[in-house]
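User: I should like to examine how the descriptive terms applied to this model are justified. Please set each value against its criterion.

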Amino acid sequence: SPSSIILFDTFVNILSHNLGEPAYEADVAQLEYKLVAGEYGLIIRVKGFNHKLPLLFQLIIDYLSDFSFTPAVFEMITEQLKKTYYNILIKPETLAKDVRLLILEHGRWSMIDKYQTLMKGLSIEALSAFVSAFKSQLFVEGLVQGNFTS
């Protein structure tokens, strides 16, 4: 549903926000990470020198397992999402891409649906329930490329 997608986007953005300060040293050491709310789940991409990459990945997993947020962070992230969704809607090329994907992909929700749902409001309780349900059904698939030992 559009509300599930919005809750997932909110969850991923709050997780990224929470990792900002602890992962700063990894950024200085030229290690990169990216969290993406993918079509089939959370995508965690890590990239960099292989000898310290497991530490960065472990940091991300720790913050995922002990996910928490404050009401202020929740409000800030939902306001950012409103702006992001609105900016997509006012640009013809991104709106056209969204409409094209809506036609081509089964089960996709339009940006208009997501924006309208977000404007109706989200609750902190709904996000907490979503995160609990998400973590209860969590499983891992992995792909490792490059110079990495088993």
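Analyst: The model is a predicted one. Contact here means heavy atoms within 4.5 Å. In that sense the buried residues of α6 pack against α1, α4 (71–90) and α5 (92–104).

User: Which residues of helix α6 are buried, and what makes them line one face of the helix?

Analyst: The buried residues of α6 (residues 111–120) are M111, K114, Y115, T117 and L118. Seen down the axis of α6, these buried residues fall within an arc of 165 degrees, so they line one face of the helix. After α6 comes G121, with a positive phi near 110 degrees.

User: What span does helix α3 reach from its first C-alpha to its last, and what is expected?

Analyst: Helix α3 (residues 53–65) has 13 residues, and the expected span is 1.5 Å times one less than that number. The helix reaches 18 Å, close to the 18 Å expected.

User: Why are the buried residues of α3 said to be on the same side?

Analyst: The residues concerned are L53, L56, I60 and L64. They cover an arc of only 80 degrees around the axis, which puts them on the same side of α3. What covers them includes α1 (2–19), α2 (24–28), β1 (32–37), β2 (42–47) and α7 (124–136).

User: Why are β1 and β2 counted as paired strands?

Analyst: Pairing requires at least two bridges; six bridges join β1 to β2, which run antiparallel, so the two strands count as paired. One bridge links A37 to its partner L42 in β2. The strands form a hairpin with four residues between them, and G41 in the turn has a positive phi of about 150 degrees.

User: Why is the aromatic pair of F8 and F134 called tilted?

Analyst: Rings pair if their centres lie within 6.5 Å, and planes under 30 degrees apart count as stacked, over 60 as edge-to-face and the rest as tilted. For F8 and F134 the values are 5.5 Å centre to centre and 40 degrees between the planes, so the pair is tilted. F8 lies in helix α1 and F134 in helix α7, so the pair ties together parts that are 126 residues apart in sequence.

User: How do you know that F8 and F134 are buried?

Analyst: Buried means under 20% relative accessible area. F8 has 10% and F134 has 17%, so both meet the criterion. F8 and F134 belong to one aromatic cluster that also includes F11, F67, F69, F74 and F130.

How values were computed. Residues are numbered from 1 along each chain as its sequence is written. This is a predicted model: local features need pLDDT of at least 70, side-chain atom pairs count only at pLDDT 80 or more; totals for chains, interfaces and linings use all residues. Side-chain values use heavy atoms; hydrogens and water are left out. Buried means under 20% relative accessible area, exposed over 50%, partly exposed in between (1.4 Å probe, protein chains only). The arc is that of the directions from the helix axis to the C-beta atoms. Rings of Phe, Tyr and Trp (its six-membered ring) pair if their centres lie within 6.5 Å; planes under 30 degrees apart count as stacked, over 60 as edge-to-face and the rest as tilted.
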